[in-house]
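Please report on the strand pairing and the nonpolar cores of this protein. Keep it brief, and put like items in a table.

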Amino acid sequence: MEQVKCLIVGSGPAGYTAAIYLARANVKSVLYSGMQPGGQLTQTTTIENFPGFPTGVDGNELMELMRKQAVNVGADLRDGIVTAVDLSQRPFAVTVDGNKQLLADTIIVATGASARYLGLDDEKKYAGMGVSACATCDGFFYRKKVVAVVGGGDTACEEAHYLSNMASKVYMIVRKPYLRASAAMQRRVEEKENIEILYNTNTVGLFGDNGVEGAHLVKFLGTEQEEHFDLPIDGFFLAIGHSPNTGFLNGQVALDQGGFIVTDAKTTATSVEGVFAAGDVADPRYRQAIAAAGSGCRAALDAEKFLAALE
Ligand code: NDP
């Protein structure tokens with residue numbers, strides 16, 4: 001059976017950076033790219049805060065550059081999803097795509113996080129029929145239409161701003177009386193005439209015969225002023241944060257209350273010796289591409305040191 005020194009799971013900035021460092025250190029490693037090659041940045045537009053790109057860089061382009069750089073330094077990048085791991089003994093037994101087996105002396109988990117949904121039955125009912133968690137993927141379908149974005153963070157503002165350039169009207173549905181987004185992001189949405197922010201508002205359902213035609217909303221939910229109303233919309237976009245992708249670990253690595261992998265305060269070591277975590281899967285706090293890339297570098301150096309100590 002194939003055995004590698006390090007298995008890298010995930011192909012966002014954390015995974016690719018780890019692959020670059022390990023390849024340059026001559027550590028035999030394999031990266032499996034997972035369900036969304038390139039990760040979350042492939043679903044964004046221009047990234048203006050990744051150093052080295054004075055006029056910004058397209059998310060897909062940035063990930064393609066990272067992938068090419070990893071290939072150029074000799075990294076072994078493969079398509080496939082790591083579906084299970086057995087961390088009870090080293091080398092760790094790894095299953096890819098449900099049937100392929102390999103052994104790994106160390107693992108770097110860089111599986112990132114996936115978009116969260118409100119948990120309404122209607123989100124499933126209208127999946128692909130007006131409900132989306134990716135404005136840059138699906139915004140195109142809403143040219144000159146009316147859409148709503150749920151959430152008040154940076155992602156929600158970014159998505160609302162993006163959609164406002166094609167939709168005729170964008171509502172932001174924000175459950176608090178204020179936005180959580182950074183001041184710069186808030187300014188960007190406030191400056192757009194076709195974005196209207198509905199504060200103190202929750203979504204309780206969606207309606208429509210042929211896809212989404214509107215949302216059932218409640219203002220001041222759970223208070224005396226509670227007010228129910230319907231908002232006609234053609235598209236409903238979720239931007240309420242992300243959940244870390246840890247399902248394949250099947251409870252073998254310690255997670256925090258939010259489901260993020262717990263790492264040692266000073267390193268990327270997890271609760272299992274030889275397993276390291278990098279990027280959004282272990283970062284409930286910063287969740288930035290540059291922070292993920294930085295932690296991918298740290299995880300690679302940690303894995304390399306761990307392997308050297310074994311030998
Ligand atoms: P955040 O966690 O920052 O914001 C989530 C938003 O969704 C909040 O407004 C939150 O409301 C709301 N929300 C959460 N759950 C629900 C719910 N059940 N019903 C209604 N609303 C809900 O997530 P983001 O994805 O926006 O951002 C994640 C991180 O990525 C942040 O650190 C952010 O700064 C960063 N980021 C940076 C960007 C940039 O700099 N260009 C772009 C995008 C993201 P409440 O405030 O009430 O909790």
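A strand here is a DSSP run of type E with at least two residues, and strands are numbered from the N terminus. By that rule, Q101 belongs to strand β8, residues 100–109. The model is a predicted one.

**Strand β8 and its partners**

β8 is mostly covered, with seven of its ten residues buried. Strands of a sheet pair through backbone hydrogen bonds, either parallel or antiparallel. The pairings of β8 are listed below.

| Partner of β8 | Sense | Bridges | A facing pair |
|---|---|---|---|
| β1 (3–9) | parallel | six bridges | V4 and A104 |
| β7 (92–96) | antiparallel | five bridges | F92 and A104 |
| β19 (275–277) | parallel | three bridges | F276 and I108 |

β7 and β8 also make a hairpin, with three residues between the two strands. In that turn, D97 has a positive phi of about 55°.

**Q101**

Is Q101 buried or exposed? Neither label fits: Q101 is partly exposed, because its relative accessible area is 37% and that class lies between the 20% limit for buried and the 50% limit for exposed. Leaving out residues up to four places away in sequence, Q101 touches M1, V94 and T95. With T95 there is a polar contact, side chain to side chain, at 3.4 Å. M1 is 100 residues away from Q101 along the chain, yet their C-alpha atoms are separated by 7.2 Å.

**The nonpolar cores**

In soluble globular proteins, nonpolar side chains tend to be buried together. The largest nonpolar core in this model has 32 residues. I8, L22, F50, L62 and I108 have the most contacts inside it. β1 (3–9), α1 (13–24), α2 (59–72) and α7 (289–310) each supply at least two of the core residues. The largest share, eight residues, comes from α7.

L22 touches C6, I8, V27, S29, I108, A300 and E304, not counting residues up to four places away in sequence. Apart from this core lies another, of 24 residues. Among its members are V85, V96, I107 and I261.

**A five-stranded sheet**

Five strands form an open, parallel sheet in the order β10-β17-β11-β12-β13. Which strands stand at the edges? They are β10 (131–132) and β13 (195–198). Each has a single partner strand, so one side of each is left without a neighbour in the sheet. β10 runs parallel to β17 (residues 235–238), joined by two bridges. S132 has F237 of β17 as its bridge partner.

Definitions and conventions: Residues are numbered from 1 along each chain as its sequence is written. This is a predicted model: local features need pLDDT of at least 70, side-chain atom pairs count only at pLDDT 80 or more; totals for chains, interfaces and linings use all residues. Side-chain values use heavy atoms; hydrogens and water are left out. A nonpolar core is a set of buried Ala, Val, Leu, Ile, Met, Phe, Trp, Tyr and Cys residues joined through side-chain atoms within 4.5 Å. Buried means under 20% relative accessible area, exposed over 50%, partly exposed in between (1.4 Å probe, protein chains only). Helices (H or I, at least four residues) and strands (E, at least two) are DSSP runs, numbered from the N terminus. Contact means heavy atoms within 4.5 Å. A polar contact is a pair of N or O atoms within 3.5 Å; within protein, one must be able to donate a hydrogen and the other to accept it, and residues adjacent in sequence count only if both atoms are side-chain atoms. Two strands pair if DSSP finds at least two bridges between them.
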